[in-house]
Amino acid sequence: QQALDFLQQKQSNSPTVEDAQLTAEIYNLIGVTHYNSGQYPSAIVAFRQSLTHYANVSNRPADVALVGTNLGDAYRDTQQFPQALESYQMALAGYQK
């Protein structure tokens, strides 16, 4: 819980467009923390927020691919298979760039 509190505090301190990459990374870490705790719906929300912030960072396809993989795993574990497949396809496209 302390790690999650720390990450959420950091996220709230980096709201500008210049901090989009940092914010995206923090949301991914928040998602991983939720995922590892079995809180898959919260992980999905965090991973989607990460991808939203990565949309403002044009040169990070490998990072987007990593988050896409994480999102796919969370969708898979909640048996949302069409969304999982879409996330994995997005990840694959990022890894191929």
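**Exercise 1. Find which residues Leu71 touches beyond its sequence neighbours, and place Leu71 in the core.**

Solution. Leaving out residues up to four places away in sequence, Leu71 touches Ile44, Phe47, Arg48, Leu51 and Ser87; a contact here means heavy atoms within 4.5 Å. Before going on, a word on the model: it is predicted, so local features need pLDDT of at least 70 and side-chain atom pairs pLDDT 80 or more, while totals for chains, interfaces and linings use all residues. Residues are numbered from 1 along each chain as its sequence is written, and side-chain values use heavy atoms, with hydrogens and water left out.

Next, look at the largest nonpolar core, which has 13 residues. Such a core is a set of buried Ala, Val, Leu, Ile, Met, Phe, Trp, Tyr and Cys residues joined through side-chain atoms within 4.5 Å. Buried means under 20% relative accessible area, exposed over 50%, and partly exposed in between, with a 1.4 Å probe and protein chains only. Leu71 is among the members that touch the most others, together with Ile44, Phe47, Tyr54, Val67 and Tyr75. Helices H2, H3 (40-54) and H4 (61-77) each supply at least two residues of this core. The largest share, five residues, comes from H3.

**Exercise 2. Work out how many helices and strands the protein has, and in what order its elements run.**

Solution. Count first: there are five helices and zero strands. Helices (H or I, at least four residues) and strands (E, at least two) are DSSP runs, numbered from the N terminus. From that end, the order reads α-α-α-α-α. Then turn to the whole chain: of its 97 residues, 35% count as buried. Among contacts with a separation of 6 or more, 46% are between residues 24 or more positions apart.

**Exercise 3. Describe helix H2, then decide whether Asn28 is buried or exposed.**

Solution. Start with the helix. H2 has 17 residues and reaches 24 Å from its first C-alpha to its last, close to the 24 Å expected at 1.5 Å a residue; the expected span is 1.5 Å times one less than the number of residues. H2 is followed by Gly38, whose phi is positive, near 80°.

Now zoom in on Asn28, which sits in H2 (residues 20-36). Asn28 counts as buried because its relative accessibility is 10%. Other buried residues of H2 include Tyr27, Ile30 and His34. Beyond four places in sequence, Asn28 is in contact with Phe47, Ser50, Leu66, Val67 and Asn70. With Asn70, the side chain of Asn28 makes a polar contact of 2.9 Å. (A polar contact is a pair of N or O atoms within 3.5 Å; within protein, one must be able to donate a hydrogen and the other to accept it, and residues adjacent in sequence count only if both atoms are side-chain atoms.)

**Exercise 4. List the salt bridges and find which residues they join into one network.**

Solution. The structure holds three salt bridges, each a side-chain nitrogen of Lys or Arg within 4 Å of a carboxyl oxygen of Asp or Glu. One pairs Arg60 with Asp63, the closest N and O atoms being 2.5 Å apart. Another joins Asp73 and Arg76 at 3.3 Å, N to O; both lie in H4, three residues apart, about one turn of the helix. Asp77 also bridges to Arg76, at 3.1 Å between the closest N and O atoms. Through shared partners, Asp73, Arg76 and Asp77 form one network.

Last, check exposure. Asp73 counts as buried because its relative accessibility is 19%, whereas Arg76, at 36%, is partly exposed. Asp77, at 29%, is partly exposed.
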